[in-house]
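Here is a protein model, followed by questions about the words used to describe it. Each answer sets a value against a cut-off and then concludes.

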Amino acid sequence: MQTNPWLNIPFSDYENHMTEVGQSQILSRLFAGCLTDYKPASVALLGCATGNGLENITDQQIPSIHAVDINPVFLDQLNQRFAGAIPGLSTHCIDLQNEELPFSGIDLIFCGLLLEYVEPETVVPKLAEVLASNGVIVFVIQQSLSSSFVTKTRFTSLEKLSGFGREVNTEDLSVILSKSNLVVDKSIDIQVNESKLFKVLTCRNVENK
Ligand SMILES: C[S@@+](CC[C@H](N)C(=O)[O-])C[C@H]1O[C@@H](n2cnc3c(N)ncnc32)[C@H](O)[C@@H]1O
């Protein structure tokens, strides 16, 4: 089986790239906004990388925070930075495409720029399955208006992802959400730069709409 290219991205290249293109900062702010808006008792941060966004939690009492990623080196960094400061934190090295989630009943699932690297039809139902009945899932997906899928920076290791990731088709995603009994409560677009935007979809279980 082909190795997932995310396993070959050095964590510092990843972080520097994401900061340089301004995407880390936007994702962190969005996650912080969700913590304020929904005041969850349990959180799952999927495709968490090295923990971008967790800096917003250190002074809050959230009993249970699950951080999930396929890359063990990213998770090591995350633990070094946050395990001491966030008592309820647990990390899970999981391939979301091929493995199940080991938790359930989650109030807030934040899924920032992950669906581009997995099959949404496989992963979205797994997330719906572990959502608390009145919980919220927030998907951030990217839409490029002209530039390449991965914005070019001097961190060339990220170019390995260009042939692997692809943009999420929003019409297909609508069908997948509805089959998973999720409904979009709110949709906003955030302009990242002149050639890229983030679409932020906040979803709930159909019966709690
Ligand atoms: C673009 S990054 C996400 C950005 C991150 N949320 C942030 O705020 O910086 C995608 C993340 O998803 C992880 N990932 C990719 N495929 C995965 C899979 N099949 N299962 C779990 N994590 C995966 C990668 O290792 C990477 O950390």
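**Reading the terms**

A search of the whole structure finds four salt bridges. The model is predicted, so local features need pLDDT of at least 70, side-chain atom pairs count only at pLDDT 80 or more, and totals for chains, interfaces and linings use all residues. Residues are numbered from 1 along each chain as its sequence is written, and side-chain values use heavy atoms, with hydrogens and water left out.

Q: What makes Glu-15 and Arg-81 a salt bridge?
A: The term requires a side-chain nitrogen of Lys or Arg within 4 Å of a carboxyl oxygen of Asp or Glu. For Glu-15 and Arg-81 the N to O value is 2.5 Å, so the pair qualifies.

Q: Why is this pair said to tie together parts of the chain?
A: Glu-15 lies in helix H1 (residues 11-20) and Arg-81 in helix H3 (residues 72-82), so the bridge joins parts 66 residues apart in sequence. Helices (H or I, at least four residues) and strands (E, at least two) are DSSP runs, numbered from the N terminus.

Q: Why is Glu-15 called buried, and what is Arg-81 called?
A: Buried means under 20% relative accessible area, exposed over 50%, and partly exposed in between (1.4 Å probe, protein chains only). Glu-15 has 18%, so Glu-15 counts as buried. Arg-81 has 38%, so Arg-81 counts as partly exposed.

Q: How do you know that Arg-154 and Glu-20 form a salt bridge?
A: Their side chains meet at 2.7 Å, N to O, so the pair fits the definition. Arg-154 is in the loop between strand E5 (131-144) and helix H5 (170-179), and Glu-20 is in helix H1, 134 residues away. Arg-154 is exposed at 62%, whereas Glu-20 is partly exposed at 41%.

Q: What makes Lys-199 and Asp-189 a salt bridge?
A: Their closest N and O atoms are 2.9 Å apart, so this pair also fits the definition. Lys-199 lies in strand E7 (residues 196-205) and Asp-189 in strand E6 (residues 182-193), ten residues apart in sequence. Lys-199 is buried at 16%, and Asp-189 is partly exposed at 47%.

Q: Why is H1 called roughly perpendicular to H3?
A: The axes of H1 and H3 come within 9 Å and cross at roughly 75 degrees. Axes are lines fitted to C-alpha atoms, for helices over the stretch in contact, and angles run from 0 to 180 degrees between N-to-C directions. Angles under 35 degrees count as roughly parallel, over 145 as roughly antiparallel, 65 to 115 as roughly perpendicular and the rest as oblique. The H1 and H3 angle therefore counts as roughly perpendicular.

Q: Which residues make the contact between H1 and H3?
A: Contact means heavy atoms within 4.5 Å. H1 supplies Phe-11, Tyr-14 and Glu-15, and H3 supplies Val-73, Phe-74, Gln-77 and Arg-81.

Q: How do you know that Cys-34 is not bonded to Cys-203?
A: A disulfide is a pair of cysteine sulfur atoms within 2.5 Å. The closest cysteine sulfur to that of Cys-34 is in Cys-203, 11 Å away, so it is too far for a bond. Cys-93 is in no disulfide either, with the nearest cysteine sulfur, that of Cys-48, 9.2 Å away. The structure holds zero disulfides.
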